[in-house]
Amino acid sequence: MGRFITIEGPDGAGKDSVLERILPELRKHLSAELVVTREPGGDPIAEQIRHLILDPANTAMDERTEALLYAASRRQHLQAVIEPALKRGAIVLCDRFVDSSIVYQGAGRGIGEQAVADINAFATAGRVPDLTVYFDVPAAVGLARIQAHRKNQQFDRLDQEADAFHERVHAAYIRLAQANPQRIVTVDATPALADVSAAALAVFKDRLSEYWTED
Ligand SMILES: Nc1ncnc2c1ncn2[C@@H]1O[C@H](COP(=O)(O)OP(=O)(O)OP(=O)(O)O)[C@@H](O)[C@H]1O
Ligand SMILES: [Mg+2]
């Protein structure tokens, strides 16, 4: 059985940027197959479910319906992509997983963190990440990064409701990290990208030491 690692953090925390920087190092040093994925992970059924959620024609979708569909899409991706890779002995890196639903749907949208955790427990049937690397930035920092790189200045002003949403998401991430200190390792993602990347790489090296080779 391989290792299941998830990457979490608010929008604009730098998850993609850091992964892009450290993936060559991980590929070089890890002795096992490395599978990098994100939901829906290229699985056609998971993709169709995602399509339902994201279809602008479905703006009337109920929040609980949406949470159930996210859990359904996750289940399909887990069974089609993640579980087979783990069975092969791979190290699976997944950009966002159950924690994202708990903080965005549960806390952000206000459905309830426990309720979202419960439906996801059904979806994942006991599969919990061995390690979650959580990139921590205050909501305002993540949003400022996204805004700075947005081309269309028209969308530059986020209203107070959006700010409050992202504050709830960030606070919920902090609570999750505090409640799961063994699983969730927090990386301060406010410094420069090179520093955050170095810190993240050190976490991988430490937590995957039995796979780490120097050459
Ligand atoms: N440490 C950093 N310092 C300054 N800017 C950064 C840093 N990390 C990332 N950025 C910039 O912030 C923006 C968002 O980064 P990125 O897309 O990697 O975040 P993300 O966590 O993957 O976000 P999302 O959750 O929206 O996918 C990008 O424009 C990126 O260049
Ligand atoms: Mg990203």
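These are my notebook entries on a predicted model of a protein with a bound ligand.

**Entry 1: the cores**

I began with the nonpolar cores. The largest one holds 27 residues. L26, L93, V133, F135 and F204 have the most contacts inside it. I then looked up which elements feed this core. Those giving two or more residues are β1 (3–8), α1 (15–29), β3 (91–95), β4 (131–136), β5 (184–188) and α8 (193–207). Helix α1 gives the largest share, 5 residues.

I picked F204 for a closer look. Beyond its neighbours within four places in sequence, F204 is in contact with I5, I7, I22, L26, L93, V133 and W212. A second core is separate from the first and has 26 residues. L78, I82, I111 and Y173 are among its members.

**Entry 2: strand β3**

L93 kept turning up, and I went to its strand. In β3, 5 of 5 residues are buried. I checked the two faces next. In a regular strand, side chains alternate between the two faces of the sheet. I91, L93 and D95 point one way from β3, while V92 and C94 point the other way. Residues on both sides are buried.

Which strands pair with β3? Strand β1 runs parallel to β3, joined by 5 bridges. Strand β2 (residues 34–38) also pairs with β3 in the parallel sense, again over 5 bridges. I5 stands opposite L93 on the β1 side. V36 stands opposite L93 too.

**Entry 3: ligand 1**

I listed the surroundings of ligand 1. There are 14 residues around it, and G14, K15, S17, R96 and P191 come nearest. Then I went through backbone contacts. A backbone N or O atom of G12 lies 3.0 Å from an oxygen atom of the ligand. A polar backbone atom of D16 is also 3.0 Å from a ligand oxygen atom. For L193, a backbone N or O atom lies 3.2 Å from a nitrogen atom of ligand 1. Taken alone, the ligand exposes 640 Å², and the protein buries 72% of that.

**Entry 4: helices α4 and α5**

Helix α4 (residues 98–108) came next. In this helix, 11 of 11 residues are buried. Polar residues are on that list, including D99, S100, S101 and Q105. Just after α4, G110 takes a positive phi of about 85°.

I moved on to N120, which is found in α5 (residues 113–124). Is N120 buried or exposed? Its relative accessible area is 1%, so N120 counts as buried. Not counting residues up to four places away in sequence, N120 touches A71, R74, V98 and S101. V98 and S101 are also among the buried residues of α4.

**Entry 5: backbone oddities**

Last, I scanned the backbone. Most residues other than glycine have a negative phi, and most peptide bonds are trans. I noted three exceptions.

- The peptide bond from E39 to P40 is cis, with omega near 5°. P40 sits in the loop between β2 and α2 (44–54).
- R96 has a positive phi near 75°. R96 is found in the loop between β3 and α4, and is one of the residues that come nearest to ligand 1.
- A125 has a positive phi of about 45° although it is not a glycine. A125 is in the loop between α5 and β4. With a relative accessible area of 59%, A125 is exposed, because the cut-off is over 50%.

Key. Residues are numbered from 1 along each chain as its sequence is written. Chains are lettered from A and ligands numbered from 1 in the order in which they are written. This is a predicted model: local features need pLDDT of at least 70, side-chain atom pairs count only at pLDDT 80 or more; totals for chains, interfaces and linings use all residues. Side-chain values use heavy atoms; hydrogens and water are left out. A nonpolar core is a set of buried Ala, Val, Leu, Ile, Met, Phe, Trp, Tyr and Cys residues joined through side-chain atoms within 4.5 Å. Buried means under 20% relative accessible area, exposed over 50%, partly exposed in between (1.4 Å probe, protein chains only). Helices (H or I, at least four residues) and strands (E, at least two) are DSSP runs, numbered from the N terminus. Contact means heavy atoms within 4.5 Å. A residue is near a molecule or strand if one of its heavy atoms lies within 4 Å of it. A polar contact is a pair of N or O atoms within 3.5 Å; within protein, one must be able to donate a hydrogen and the other to accept it, and residues adjacent in sequence count only if both atoms are side-chain atoms. Accessible areas come from the Shrake-Rupley method with a 1.4 Å probe; for residues, only the protein chains shown count as cover. Two strands pair if DSSP finds at least two bridges between them.
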